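This briefing is meant for someone meeting the structure for the first time, and it moves from single residues to larger groupings. Please keep the sequence and the model in view while reading.

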Amino acid sequence: MAGSFNLQNVVDTYKSCLSENKEIYIKYYIAGWRELVSFMNSLGSLFSFISKDAVSKIQIMETFLMGENGAHYLTVQSMVKFELNNKLVDFTQSGSHPESGCRTLLRLHRALRWLQLFLESLRTSTEDSKTSIMCSEAYNESLAQYHSWFIQTAARLAFRTLPGRDAFFEVMNAGSQQQVVAMLGEATPLISEVHQITEDLYAKNKLLELP
Ligand code: 1PX
């Protein structure tokens, strides 16, 4: 329910995400997504195909984290090293590891770019801005290029049903609009940093196009 979501929790998980030497803890990275999914669940059934996919990816990561090689999945950096060294990543469609941690996290990483753009545009929006437009602009600039026509169409249909800006600010459950804006100002640089570190790591290891 909307009542259990709180923007502060999201800020807190992204704060916990980075280690002292700027490695990304997978545990907190996926905890951030869990929070956001709980928010999305309050938006209605048109969003459930999105949250189902997000949850299934979160679960894949949790299974690695809790499995016998869990220690290697402490950070995104250690995961990349472990999976590459042990040839656990498919670089073509027909491999034997279709659900590697690296490819699964890449999907969430691309979605994080959407989140970064969307929250930044919410933060700088004015009273007459439309959440549906901000959401689809962020989507067009990030995730859309990776989605089939069918998924794009379903996603755009769902965006049209988003609550207006006032109601949206309210469900973020972080106080007055000014307080929400301040909190978004705290969240977006954290999200950008996590995104950039992942992007650089994936680029360096040629993982940005994993099937
Ligand atoms: C405080 C406001 C925050 C709002 C929180 C919203 C959380 C959104 C969580 C979205 C996570 C989406 C993960 C999508 C991963 C993905 O791209 N998957 C595709 C590829 O995976 P595959 O395994 O096949 O290679 C998959 O095909 C996707 C299917 C579902 C559709 C994804 C549409 C994503 C739209 C994201 C925008 C969410 C809008 C929320 C409105 C507030």
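L65 lies in helix α3 of this predicted model, and with 18 other C-beta atoms within 10 Å it is partly exposed, because a residue needs 20 or more such neighbours to count as buried. Not counting residues up to four places away in sequence, L65 touches I26, K27, G70 and Y73. Its C-alpha atom is separated by 9.7 Å from that of M79, which stands 14 residues apart from L65 along the chain.

**Other residues of α3, and a partner in α7**

- Helix α3 also holds I50, which counts as partly exposed because it has 18 C-beta neighbours inside 10 Å.
- Once its neighbours within four places in sequence are left aside, I50 is in contact with M40, A155 and A158; the C-alpha atoms of I50 and M40 are 8.6 Å apart in space, while the two residues are ten residues apart in sequence.
- A155, one of the contacts of I50, is found in helix α7 and is partly exposed, with 19 other C-beta atoms within 10 Å.
- Seen from A155, and again leaving aside neighbours within four places in sequence, the contacts are I50 and Y139; A144, eleven residues apart from A155 in sequence, has its C-alpha atom 9.2 Å from that of A155.
- F49 is placed in helix α3 as well, and it counts as partly exposed with 13 C-beta neighbours inside 10 Å.
- The C-alpha atoms of F49 and L74 are separated by 29 Å, the two residues being 25 residues apart along the chain.

**Helix α9**

- Helix α9 covers residues 177-204, a run of 28 residues, and the distance from its first C-alpha to its last is 40 Å, which is close to the 40 Å expected at 1.5 Å a residue.
- Which residues of α9 are buried? They are M183, L184, A187, T188, L190, I191, V194, T198 and L201.
- An α-helix has 3.6 residues a turn, so residues three or four places apart point the same way.
- The buried residues of α9 pack against three other helices, namely α1 (7-16), α4 (76-85) and α5 (101-123).
- I191, one of the buried residues of α9, touches Y14, L112, L115, Q116 and L119 when residues up to four places away in sequence are not counted.
- After α9 comes K206, whose phi is positive, near 55 degrees.

**The nonpolar core**

- In soluble globular proteins, nonpolar side chains tend to be buried together.
- The largest nonpolar core of this model has 48 residues, and those with the most contacts inside it are Y14, F118, A187 and I191.
- At least two residues of this core come from each of α1, α2, α3, α4, α5, α6, α7 and α9, and α5 gives the most, with ten residues.

**The surroundings of the ligand**

- How many residues surround the ligand, and which are the closest? There are 18 of them, and the closest are L36, D53, A54, R107 and A111.
- The helices α2 (26-41), α3 (48-66), α5, α6 (131-141) and α7 (149-159) each supply at least two residues of this shell.
- By class, the shell is made up of 15 nonpolar residues and three charged residues, with no polar ones.

**Positive phi values in loops**

- K87 sits in the loop between α4 and α5, and its phi is near 50 degrees, a positive value in a residue other than glycine.
- Is K87 buried or exposed? K87 is exposed, because 11 other C-beta atoms lie within 10 Å and 12 or fewer is the condition for being exposed.
- N173 belongs to the loop between α8 (165-171) and α9, and although it is not a glycine, it has a positive phi of about 55 degrees.
- With 16 other C-beta atoms within 10 Å, N173 is partly exposed.

**The recorded domain**

- An unreviewed UniProt entry lists residues 25-173 as "domain: Glycolipid transfer protein".
- Over residues 25-173 the chain is 65% helix and 0% strand, and the C-alpha atoms at the two ends are 26 Å apart.

Key
Residues are numbered from 1 along each chain as its sequence is written. This is a predicted model: local features need pLDDT of at least 70, side-chain atom pairs count only at pLDDT 80 or more; totals for chains, interfaces and linings use all residues. Helices (H or I, at least four residues) and strands (E, at least two) are DSSP runs, numbered from the N terminus. The expected span of a helix is 1.5 Å times one less than its number of residues. Two residues are in contact if their C-beta atoms, placed from the backbone, lie within 7 Å. A residue is near a molecule or strand if its C-beta atom, placed from the backbone, lies within 6 Å of it. Ala, Val, Leu, Ile, Met, Phe, Trp, Tyr, Cys and Pro count as nonpolar, Asp, Glu, Lys and Arg as charged, and the others, Gly among them, as polar. UniProt positions are given in the numbering used here, feature names are shortened, and annotations may be inferred rather than shown by experiment. A nonpolar core is a set of buried Ala, Val, Leu, Ile, Met, Phe, Trp, Tyr and Cys residues joined through C-beta atoms within 7 Å.
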